[in-house]
Amino acid sequence: QVQLAESGGGLVQTGGSLKLSCTASGLTFNNYAMGWFRQAPGKERELLGAIAYAGHSTYYSNTVKGRITISRDNAKNTVYLQMIDLKPGDTAVYYCAASEAYLQFGADYWGQGIQVTVSS
């Protein structure tokens, strides 16, 4: 059974930073590209960015480019989302996902999501 478990969310002040982690089990981690999504209340889930299988390549949405960094540690089956200069508009539930495809990222597995709230 595949499980993706996010951690590290919570409440942060505007301008602050946060690092989310997502640990995977039940799959061969380095066979999957990993991505981070978020969904704010009343909005569609959006892809923030993804990282390739060995971590040698990443891409990011223009919405958050320059403020986020995605990295992975295949020895720990973990992917990370580092966010800086957080704004109230970043308040959302954040999800990690695993995909067999990297550039055409289509989530095969989802985490349960974790809340990030940015206070003004």
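This is a walk through one chain, from a sheet to its disulfide, its nonpolar cores and two loops.

The model you are looking at is predicted, so local features are described where pLDDT is at least 70, side-chain atom pairs count only at pLDDT 80 or more, and totals for chains, interfaces and linings use all residues. Residues are numbered from 1 along each chain as its sequence is written, and side-chain values rest on heavy atoms, with hydrogens and water left out.

Let us start with the sheet. Four strands make an open, antiparallel sheet in the order β1-β3-β8-β7. Strands here are DSSP runs of E with at least two residues, numbered from the N terminus, and two strands pair if DSSP finds at least two bridges between them. The edges belong to β1 (3–7) and β7 (68–73); each has a single partner strand, so one side of each is left without a neighbour in the sheet. From one strand to the next, the twist averages 15 degrees, an angle taken between the N-to-C directions of lines fitted to C-alpha atoms, on a range from 0 to 180 degrees.

Now follow the β7 edge. Six antiparallel bridges join β7 to strand β8 (residues 78–83). Along this pairing, Thr69 stands opposite Gln82, and Asp73 has Thr78 as its bridge partner. The two strands form a hairpin with four residues between them. In a regular strand the side chains alternate between the two faces of the sheet. In β7, Ile68, Ile70 and Arg72 make up the covered face, while Thr69, Ser71 and Asp73 make up the uncovered one.

What does the turn of this hairpin hold? Asn77, in the turn, has a positive phi of about 55 degrees, although Asn77 is not a glycine. Most residues other than glycine have a negative phi. With a relative accessibility of 24%, Asn77 counts as partly exposed; the scale used is buried under 20% relative accessible area, exposed over 50% and partly exposed in between, with a 1.4 Å probe and protein chains only.

Next, move inward to strand β3 (residues 18–25), where Ser21 sits. Ser21 is buried, at 18% relative accessibility. Setting aside residues up to four places away in sequence, Ser21 touches Ala5, Glu6, Ser7, Trp36, Thr78, Val79 and Tyr80, where a contact means heavy atoms within 4.5 Å.

The structure has one disulfide, a term that stands for a pair of cysteine sulfur atoms within 2.5 Å. Cys22 and Cys96 form it, with their sulfur atoms 2.0 Å apart. The torsion about the S-S bond is about 50 degrees, so the disulfide is right-handed. This pair links distant parts of the chain, 74 residues apart: Cys22 belongs to strand β3 and Cys96 to strand β9 (residues 92–99). Both cysteines are buried.

In soluble globular proteins, nonpolar side chains tend to be buried together. The largest nonpolar core has 28 residues, and those with the most contacts inside it are Leu20, Met34, Trp36, Val79, Leu81, Met83 and Tyr94. Such a core is a set of buried Ala, Val, Leu, Ile, Met, Phe, Trp, Tyr and Cys residues joined through side-chain atoms within 4.5 Å. At least two residues of this core come from each of β3, β4 (33–39), β5 (46–51), β7, β8, β9 and β11 (114–119). Another core, of eight residues, lies apart from it and includes Ala33, Ala50, Ala52 and Tyr102. Back in the largest core, Met83 has contacts beyond four places in sequence with Gly16, Ser17, Leu18, Leu20, Arg67, Ile68, Tyr94 and Val116.

One of those contacts, Arg67, leads to the last stop. Arg67 lies in the loop between β6 (58–60) and β7, and at 15% relative accessibility Arg67 counts as buried. Which residues does Arg67 contact beyond its neighbours within four places in sequence? They are Gln82, Met83, Ile84, Asp85, Leu86, Lys87 and Asp90. Arg67 and Asp85 are 18 residues apart in sequence, yet 6.6 Å apart in space from C-alpha to C-alpha. A polar atom of the Arg67 side chain lies 3.0 Å from the backbone oxygen of Asp85. Asp85 itself is in the loop between β8 and β9 and is partly exposed, with a relative accessible area of 38%. Phi of Asp85 is positive, near 50 degrees, in a residue other than glycine.

Key:
Polar contact = N/O pair within 3.5 Å; in protein donor to acceptor, adjacent residues only side chain to side chain.
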